[in-house]
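Here is a short set of exercises to work through with the structure open beside you. Try each task before you read its solution.

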Amino acid sequence: MSEVEAQELRRVAGHFPTGVTVVTATHGGRPCGMTVNSFASVSLEPPLVLVCLAHAARAYACVDAAGRFAVNVLAEGQEAVARAFASKVEDKFADVAYRTSPHGSPILDGAHAWLDCEVVARHPGGRTHTIYVARVVALAAGRGHPLVFHAGQYRGLGPATTR
Ligand SMILES: Cc1cc2nc3c(=O)[nH]c(=O)nc-3n(C[C@H](O)[C@H](O)[C@H](O)COP(=O)(O)O)c2cc1C
């Protein structure tokens, strides 16, 4: 059987619509963050979630060393935030206000929801990624609508299909 081409996997997997998060942490007194859509909830008891981070990302070393992170679920209208945190700009926090959670991770202003997490397990995700399983220690959700990512594009959520 032939190998699956990376571009083809990216294209086909991209047909699965996701929300958009910014995973943030603080290490050495400096905030770090990156756009992430590999977020998923794992279990309710205990309250566990996961994210999958590329070793090539600068934020990877920061999150790994911190051993804790916040998942900021972006709101519709925060596309510029998603783009900034998916880029290689030097100061990603220049254009977005944030506060620091009691557990030390940045919570971005205007986030649709946020979850403050402590890493409880690290699993290899092939040669290039680490899958972090983390316990949720604080969380909150706002009103409004989330930002959505589908087929390489940012969009809003359409009307609900059930009442
Ligand atoms: C919508 C979207 C989702 C992404 N999800 C992930 C992800 O789940 N894991 C990951 O390692 N990178 C993901 N990325 C890529 C990182 O955001 C990107 O590599 C970023 O530049 C890393 O920044 P850093 O090197 O400053 O940490 C995603 C990018 C986009 C646009």
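Leu115 is a good place to start, and please keep in mind that this is a predicted model.

**Exercise 1. Is Leu115 buried or exposed, and which residues does Leu115 touch?**

Step 1: locate the residue. Leu115 sits in strand E9.

Step 2: count its surroundings. There are 24 other C-beta atoms within 10 Å of Leu115. The cut-off for a buried residue is 20 or more, so Leu115 is buried.

Step 3: list the partners, setting aside neighbours within four places in sequence. Leu115 is then in contact with Val49, Ala70, Val71, Val136 and Leu139.

Step 4: compare sequence and space. Phe69 is 46 residues from Leu115 in sequence, while their C-alpha atoms are 8.5 Å apart.

**Exercise 2. Follow the strand pairing outward from E9, and find which residues are the bridge partners of Ala113.**

Step 1: take the E6 side. E6 and E9 run antiparallel and are joined by six bridges. Val73 has Ala113 of E9 as its bridge partner.

Step 2: take the E10 side. Twelve bridges link E9 with E10, again in antiparallel fashion. Here Ala113 is partnered by Ala141 of E10.

Step 3: look at the turn. The hairpin of E9 and E10 has three residues between the strands, and Gly126 adopts a positive phi near 65° there.

**Exercise 3. Work out the order of the open sheet that contains E1, and name its edge strands.**

Step 1: the three strands come in the order E1-E11-E12, with antiparallel pairing.

Step 2: strand E1 (18–19) and strand E12 (153–155) each pair on one side only, which makes them the edge strands.

Step 3: check one pairing in detail. Two bridges connect E1 with strand E11 (residues 148–150), and Gly19 finds its bridge partner in Val148 of E11.

**Exercise 4. Describe the largest nonpolar core: how many residues does it have, and which elements contribute?**

Step 1: the size is 30 residues, and those with the most contacts inside the core are Val22, Val23, Val63, Phe69, Val71 and Leu74.

Step 2: the elements that give two or more residues include helix H2 (58–66), helix H3 (79–85), strand E2 (21–27), strand E6 (68–73) and strand E9 (113–125).

Step 3: zoom in on Val63. Beyond residues up to four places away in sequence, Val63 touches Val23, Ala25, Leu53 and Phe69.

Step 4: set this in context. Nonpolar side chains tend to be buried together in soluble globular proteins.

**Exercise 5. What kinds of residue surround the ligand, and which come nearest?**

Step 1: 16 residues lie around the ligand, and Ser38, Ala54, Ala57, Arg58 and Ala59 come nearest.

Step 2: E3, E5 and H2 are the elements that give two or more residues to this shell.

Step 3: sort the shell by type. Ten of its residues are nonpolar, four polar and two charged.

**Exercise 6. Why can the protein chain be called as compact as a globular protein of its length?**

Step 1: take stock of the fold. The protein chain has three helices and twelve strands.

Step 2: compare the radii. The radius of gyration is 16 Å, close to the 15 Å from the globule rule for 163 residues, so the chain is as compact as a globular protein of that length.

Step 3: add the other overall values. The C-alpha trace spans about 45 × 40 × 40 Å along its principal axes, and 28% of the 163 residues count as buried.

Step 4: consider the contacts with a separation of 6 or more. Residues 24 or more positions apart account for 65% of them.

Technical notes
Residues are numbered from 1 along each chain as its sequence is written. This is a predicted model: local features need pLDDT of at least 70, side-chain atom pairs count only at pLDDT 80 or more; totals for chains, interfaces and linings use all residues. A nonpolar core is a set of buried Ala, Val, Leu, Ile, Met, Phe, Trp, Tyr and Cys residues joined through C-beta atoms within 7 Å. A residue is buried if 20 or more other C-beta atoms lie within 10 Å of its own, exposed if 12 or fewer, and partly exposed in between; C-beta atoms are placed from the backbone. Helices (H or I, at least four residues) and strands (E, at least two) are DSSP runs, numbered from the N terminus. Two residues are in contact if their C-beta atoms, placed from the backbone, lie within 7 Å. Two strands pair if DSSP finds at least two bridges between them. A residue is near a molecule or strand if its C-beta atom, placed from the backbone, lies within 6 Å of it. Ala, Val, Leu, Ile, Met, Phe, Trp, Tyr, Cys and Pro count as nonpolar, Asp, Glu, Lys and Arg as charged, and the others, Gly among them, as polar. The radius of gyration is taken over C-alpha atoms; the globule rule is 2.2 Å times the number of residues to the power 0.38.
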